[in-house]
Amino acid sequence: CDEDYLEVDSRDDIEFEDSGEVVTPEEMVTGVYGRFTGFSYAFSYLGVSEIISDNSDKGSSPGDTGGDKNLLDDLTHTTSSSSIRAMWEEWYKSIGRATIAIDYTQNYENYDANLKSRLIGEAKFLRALHYFWLVRSFGDVPIQEVDLVERAPESEVYAYIINDLQDAISALPVKSSYAPKDVGRATKGSAQGLLAKVYLYQENWQAAYDAANEVIASNQYDLHPNYAEIWRASTENGMESLFEIQGRGETINHGIQQYSQTQGARGSTGWGWGFNTPSENLLNAFDAAGDDVRRDATIIFRGETLWDGRVVGETENPMYNEKAYSSLNVGDGDGDKNIRVLRYAEILLIQAEAATHINQDAATPLNLVRERVGLAPIAAPTVQQIWNERRLELAMEHDRWFDLNRTGQAAAAMAADGKTFVNGKHELFPIPNDQLIQTPEMVQNPGW
Amino acid sequence: QESTVTGTVTNAEDNMPVPGVNVLIKGTTRGTSTDFDGKYSITAKSDEILEFSYVGFKKQSFTVGSQTVVNVTLQNDIESLSEIVVIGYGTQKRSEVTGAISSIKSEELLKQPALNATQSIQGKLSGVNIVNSDAPGAVPKVVIRGVGTASAGEQVLYIVDGIQVTGITNINPADIETMDVLKDASSTAIYGMDAANGVVIITTKKGKKGQTKIELSSFYGAKTILNQVRMADANQYVTYFNENQTAIGGDNSYQLAPASQQPANTDWYDALIDVGFSNSNNVALSGAGDMSSYYFSFNNYNEDGILKDQDLSRNTLRLNNTFNFFDNKLKITSSISGAFTKSTPKPFGAFNEAYRQAPIVPVFYPDGHFGTNDVNRTTGVQGFLAGLGETIGGLNSVGNPVANVFFSNNKNKATDLQGIIEAELKITDFLKFTSRVGMTKAYGRERVFNDIRGRYVVAGDPVSDTDQQFQNLQDANPNNTQYANNSLRYTMTENFSYNWDNFLSFDKTFNEKHTIGALAGITKGKRDDFYFAETTAYGVPSQEQYWSIEFANGNYDNVSTQRFSTYTTQLSYFGRLQYNYDGKYLAQVNIRRDGVSTFKDNAEYFGNFPSFSLGWVLTEENFLKDVNGLDFLKLRGGWGEVGNSRVPFNQFRFNTNSGSNNVNYVFGVNQDFVLGASLGAQVFPISWEVTEETNIGLEFRMLDSRLAGSVDLYDRRTNDAILQVRPVLNSPNDANFFDSGADITNKGVEVELNWRDDINDNLSYNIGVVYSYNKNNVENVKPAYDGQIGGSLNNGQITKRLQDGQPLYAWWMYEAEGVWQNQAEIDNNPRVGSPKPGHLRYKDQNDDGVIDDRDKKFFGSYLPTYNLGLTLGLNYKNIDFSVDAFGAGGNKIYNGLKGTRIDGGENITADVFNERWTGEGSTNVNPGANRDAIASSYYLEDGDYLRINNMTLGYTLKNVIPDISRIRLYLTVQNPFLFTNYSGFTPELVGNEDGAPEERAGIELSAYPNTKTFLFGVNIEL
């Protein structure tokens, strides 16, 4: 018998080499950005960045736990909490895509050298961003390109991040020099701004101050005059924007999957699942500061009429996150709104905070932020005043929990919010149990 | 006193004379045999005993006494020593078999009428676990000696008249002569790479010599649900609902009005379930002459499901012929069959909805609209009407099951054609050549009609979803298929497979004692040549005769798709050597060399599968030959390796996707959609799985063959079983991949015992016991490959995990240890989240004060560790009576219907209501009306059950009506009793995805309930 008989070619799935497809470095880098549109950012990320903090509550119906959002809200999360696991995996997978894209781009032949350089810069920025999110959440973490099990000390991780960001800064163009079709990509300013924030976490005040100054001095950015408009689709990638996660709500739908829906008002007249609702604690903080502008831009109140004319009826929860409201795509799976990751106001606040430590002028940058929302200037701001400003300015923008831990305010803030913060444990999230099942030699964080 | 005794020997089954029966005077060498008409004549003394014996029949003895005429009716000896067993490319005498093979004959199969013969053998064969669903047309899950694979194919290999097929639903059970199940690797290795899950060999009936036989058989049956779970009534529901709402508290909780003010007290199962009728009519005509034999049959089988309008009907035709040529040197055999099946399936999800929908919801509102889950939250009365300032909400998110069944409009048709032609040439009297070709072609057609407008208007929101509103939406969205009047989908499939076997068989006895058998052959085949085409169209006229794509509304685009599968070709060489010394020492060696196209990228894509087995018939030895009461004793053992070629593959590729996928992104001021890419799964070279098995068995017959039985011990190990692996969480790769990564072992014991005795000529009885025990374990898991989870409850909770040292996908969850009685108890103990009093409390297994996944515990397997079959038969004159029972257990099963509540407005069972926690001290076992949705051992129950699966009473009339040789009338009850402590509908839970271990096997979420069936039947032989 003829053994050629056994030569059967597959006709189910097209082998890559048979597909006629050419995958360019640009597509591989787009694939790194693409992970931002995963569901993790619409749900798990809310849990680990805001619901866990004093800014917001789980929301939704009492019986709807959102997986582990109730646990995060109560600060009773465990090594098995699915949101923590999801973000751990999400950030590492994004890092993996970035590294693969960098290698792929470097080894790709017959390709424009400038484009190559820019793409590698973008991927390095993205890799740095994900490592930054990892290190501030988990402390020492494995550097994926080095070893999957051995947890590198925070300082090494930060050094790695800074190295990537410096490469990115030298490779990336400034925001205004991108072609209109490329708006939304990482820019020199994105990398500089992130670097400033990274230095802030390292308490390298001078470097933080300088990096912030680079952004300010670039003349690429300014504060958007109307605070309430910052999270509207109309101001996307606007003057205040250093980096945003891009999304749109039209077919082919490609929003940040369900980000607006999970946080939309819940109830018969609502349009969403009602998670991540602003807390009483946050409301009180706005009121105590007399900060009506930012309060009303941040919180949707039951019964109010929104800026686009929508009347919020009888909803299950008294407050919702207005910064997640997608006017054109209310109730849709995918919203049309970008998530603001880094914006100019924060750069000013970073500079102000750094300035207080190195005897520079903190008042000027701080008061720019305050003036915009009609608050009186502070002549000689204290660090605490700047921290308070950060809370109100950046409320519901996924910064609060990490800021509380960075500044050592977490235990007190949690106590004030009626939760028990265990010192030496709750500063960091636990390494997910599923990771430890796969790599039992990896060391767990203290207290978990 | 010597006299001449004469008589006729007939066959009890067909009343035909039996020629060649040995008639011997006991203790002497004097004897004779019957002539062609079954007649004999012998001279004997009055105190002598006549013994009548014939191969395949039970030996019978009579004292001569004063009789001069002794007519004898021979009874078939079902487990006769000379019984022939089909062993793959040949046959063997039962007494000479050295492997573990269980067999079942036609008459046993037919006792349990069913669409698919595997349904009838449940509990009849040791080591064969059959998990059945009573849904019409459902294919039972057959597991032989445990599950030995995690991600590869689990189907047993079916061989019909020598040809490999993928299933036997197309075969009329009445056409089956025998089913032989090859269980151990020494028997199955002759089928090499396809045999790892065991082999079921089916031989269909052939005509027998004698006069033409016409058999007519019919039965009529009615079935209902066997194990009805009683649900809470309106009163109980309202109480339970309100208790839950009180516990939730807060702004949005509300209370229902008392049941007396509610519009309905619906028993959804009553509303949903009909009595299902079934009937079957079978005609078979057979016979044989010197040169040829024939067997024709026609069967019409109809079965209703217990859901309204759910039904299935099948017509089968068969023509089996043999022709002898050239002095019987050449024999041509053909088996041709066709099966034509038509069915109207209904959604099983309706059972789930019937369980969950509130009893205060009416099936229909007074205006004919289907009842909905609406409730007026202000008045607490079910319904959709609200006065000024009142609000309407949903009690739950459950649909109306009656509407769901009503609007499901599917029709399926299947045609299966099978043809086998075999030529057997006797080259010499000890050498023959066989060539056999078999082909199977299957066509499937499915029609799905969805009355979108009807659903909207009659089952949607009674207030807003009016016909006018639908029209408005349709006018506003003329091209949106969501607002088309209806959708119509046709799916067509075709599947083809064939096999071509050529082999030489040698069989010769030397010096009267040394018998050598040998086999050498080659086979090639093709399978899974699958074609699929589907078209969906919208807006056809509502009358059924126009349900054709060509009449679709032009406003909508038709959607079509079509694809081919990659077929598999196979080229294999096989050989067997058998040696038999005087029926005393037996030996057998098999070898198969398989090449399968699936592995063409694998440099060594040929696999070799060897096996051997030995047997020793101890009763042929002098020291045991004359032991009183011991008729036969054989020790046998074997070893072999078999493969599983149905393994999944990795494919190297870049992930690209033109839709909403996380490789794509948007850039630019206009937020243009930009396509991206990422790297796909890691690629590991994958080969077939190899299962190695050792088997030791003992067979015996004693006390004049009244007691017969066998015991088998086996140890089987699948080396390098393929797992679907999730990449390490912090690794760069994000797609799951396949790699061989664990060993799976199955060790067990099988026992078969049969006792049959004739008390006198009129009364005989038999008792049979079949028992098997199997222990499954996963071992040697590669590092980082452990921990795959499974058993999703579809609410974010999972229940199974793969772990070294545990059974395959063992249960894994929190251990419930009571109920929180008060807040102080909660505050002072480790807990999950923020429970309320009345919630279940879970055990902190590692005592670290925190309850997380590390406190989840393994609770064994969903797979039964033991199977038990019992048979009792009684014959008194013309009356026959039998009871069969089947049991399984040693496993745990998960009552997911009870455990997964989403929004607290779902109904509960009456038991859940009655046992619930109602306040401190009320119970420390069952949670209150307000409970969490966490998977825990509370919902895990013993899977043990014993089911009486058949009780039959029959009456046979012989020769009472001219020209009708035999009429048997019978009454059968299938599944009259189920004994189990399980609180759900059925402990037999196949699960989804063909019972894949990591899926919902062993979890009751929407299972089809067991049914009991009453049958009346008649068999007529002419």
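A salt bridge is a side-chain nitrogen of Lys or Arg within 4 Å of a carboxyl oxygen of Asp or Glu. The model is predicted, so local features need pLDDT of at least 70 and side-chain atom pairs count only at pLDDT 80 or more, while totals for chains, interfaces and linings use all residues. Residues are numbered from 1 along each chain as its sequence is written, chains are lettered from A and ligands numbered from 1 in the order in which they are written, and side-chain values use heavy atoms, leaving out hydrogens and water.

**Exercise 1.** Find the partner of A:D403 and place both residues.

*Solution.* Start with the contact: A:D403 meets A:R390 in a salt bridge of 2.8 Å, N to O. Next, locate the pair: A:D403 lies in helix α15 (residues 400–406) of chain A and A:R390 in helix α14 of chain A, 13 residues apart. Helices here are DSSP runs of H or I with at least four residues, and strands are runs of E with at least two, numbered from the N terminus. Lastly, check burial (under 20% relative accessible area, 1.4 Å probe, protein chains only). A:D403 is buried because its relative accessible area is 4%, and A:R390 is buried because its value is 1%.

**Exercise 2.** Trace the salt bridge of A:E393.

*Solution.* First, A:E393 bridges to A:R343, with the closest N and O atoms 2.8 Å apart. Then look at the elements: A:E393 belongs to helix α14 (residues 383–393) and A:R343 to strand β6 (residues 339–343), both of chain A. Both residues are buried. Finally, widen the view: A:E393 and A:R343 belong to a network of salt bridges, whose members include A:E240 and A:R370.

Conventions: Buried < 20%, exposed > 50% of the residue type's maximum accessible area, 1.4 Å probe, protein only.
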